[in-house]
Amino acid sequence: MATLTAPEQTQEQRQVVEGYAAVFDEVTTLFNIEDWEYREVLQRGAFDGADLSDVVLNFDHGRTGRIYARTTNNTLTLNVDERGLHMSADIIDTSDGQDVYKLVKRGDLNKMSYAFTIAKDNVSYDERHKVCTRTIEKIDKVYDVSIVVNPAYDGTSVAARDKEDVKELTKNLRERAILETYL
């Protein structure tokens, strides 16, 4: 009995997006209730020791029920750097995946979010200004990174990698490797 396998995609066929699902040290207002402003901030180092082993890429936290990439099959990669939680994803080539990719590429969708549980946080109250600030000190587990219409943190981002940019980068790297070989 023959086994069917999906054909490998070439670099030109891939739908790659990159961005930041979470950013450090950005204070955001989540909501207001009875004259109180509720803020949140993600502390640098909050992802140290966090479980990032099985994370999915969704649109608007999966409200559509579709997954576009996943860490367990290496179609989604997550890295923590000095800015925050960086992600790179090869979005699945379905009609929904193509739609999301095109909206990102055109700039209609340009922000992200993430779903997580907290291992440690700190809440402070400023009675005078009626501000409550929650500082997330340690993330326990990340469940999803999502391309979203309305982000909680404005400093997040997502953008499509243009196929022409990838071709040019590959060409430049090849030329540089050839040049360095002869130096």
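## Rings, charges and strands in a predicted model

Phe 24 is buried, with a relative accessible area of 8%. The model that shows this is predicted. Phe 47 is buried too, because its relative accessible area is 5% and the limit for buried is under 20%.

**Aromatic rings**

The model has five aromatic pairs. One of them joins Phe 24 and Phe 47. Their ring centres are 6.1 Å apart, and the planes meet at 55 degrees. That makes the pair tilted. Phe 24 sits in the loop between strand S1 (15-23) and strand S2 (28-33). Phe 47 sits in the loop between strand S3 (36-42) and strand S4 (56-59). The two residues are 23 residues apart, so this pair links distant parts of the chain.

Which ring does Phe 47 also pair with? The partner is Tyr 114. Here the centres are 6.0 Å apart and the planes stand at 50 degrees, so this pair is tilted. Tyr 114 belongs to strand S8 (residues 111-126), while Phe 47 is in the loop between S3 and S4, so the pair ties together parts that are 67 residues apart in sequence. Both Phe 47 and Tyr 114 are buried.

These rings belong to one group. Phe 24, Phe 47, Tyr 114 and Phe 116 form one aromatic cluster.

**Charges over rings**

Rings also have charged neighbours. Arg 83 lies over the face of Tyr 20, at 4.4 Å from the ring centre. Lys 141 is placed over the face of Tyr 143, and there the distance to the ring centre is 5.1 Å.

**A nonpolar patch**

Not every nonpolar side chain is hidden: Leu 30, Phe 31 and Ile 33 form a nonpolar patch on the surface. Together they have about 260 Å² of accessible area. Leu 30 is in strand S2. Its relative accessible area is 38%, so Leu 30 counts as partly exposed.

**Salt bridges**

How many salt bridges does the model have? The count is eleven. Three of them are listed here with their N to O distances.

| Basic residue | Acidic residue | N to O distance |
|---|---|---|
| Arg 39 | Glu 37 | 2.8 Å |
| Arg 106 | Asp 108 | 2.6 Å |
| Lys 111 | Asp 154 | 3.7 Å |

Take the Arg 39 bridge to Glu 37. Arg 39 is partly exposed, with a relative accessible area of 29%. Glu 37 is partly exposed as well, at 21%.

Next comes the bridge between Arg 106 and Asp 108. Arg 106 has 66% relative accessibility, so it counts as exposed. Asp 108 has 42%, so it counts as partly exposed.

The bridge between Lys 111 and Asp 154 spans the chain: Lys 111 is in strand S8 and Asp 154 is in the loop between strand S9 (131-148) and strand S10 (157-160), so the pair ties together parts that are 43 residues apart in sequence. Is Lys 111 buried or exposed? Lys 111 counts as buried, because its relative accessibility is 18% and the limit for buried is under 20%. Asp 154 is exposed, with a relative accessible area of 55%.

Some bridges share partners. In this way Glu 40, Asp 121 and Arg 134 are joined into one network.

**Strand S9 and its partners**

Now look at strand S9. It is mostly covered, since 14 of its 18 residues are buried. Which way do S3 and S9 pair? They pair in the parallel sense, over six bridges. In this pairing, Leu 42 has Ile 136 of S9 as its bridge partner.

S4 also runs parallel to S9, and four bridges join them. Val 56 has Asp 144 in S9 as its bridge partner.

S8 runs antiparallel to S9, and 15 bridges join the two strands. One bridge partner in S9 is Ile 147, which is matched with Met 112. S8 and S9 form a hairpin with four residues between them. In that turn, Lys 130 has a positive phi of about 55 degrees.

Notes: Residues are numbered from 1 along each chain as its sequence is written. This is a predicted model: local features need pLDDT of at least 70, side-chain atom pairs count only at pLDDT 80 or more; totals for chains, interfaces and linings use all residues. Side-chain values use heavy atoms; hydrogens and water are left out. Rings of Phe, Tyr and Trp (its six-membered ring) pair if their centres lie within 6.5 Å; planes under 30 degrees apart count as stacked, over 60 as edge-to-face and the rest as tilted. Buried means under 20% relative accessible area, exposed over 50%, partly exposed in between (1.4 Å probe, protein chains only). A charge sits over a ring if NZ of Lys or CZ of Arg is within 6 Å of the ring centre and within 35 degrees of the ring normal. Patches are made of residues with over 30% relative accessible area and no salt bridge: like charges are joined within 9 Å, nonpolar side chains (Val, Leu, Ile, Met, Phe, Trp, Tyr) within 5 Å. Accessible areas come from the Shrake-Rupley method with a 1.4 Å probe; for residues, only the protein chains shown count as cover. A salt bridge is a side-chain nitrogen of Lys or Arg within 4 Å of a carboxyl oxygen of Asp or Glu. Two strands pair if DSSP finds at least two bridges between them.
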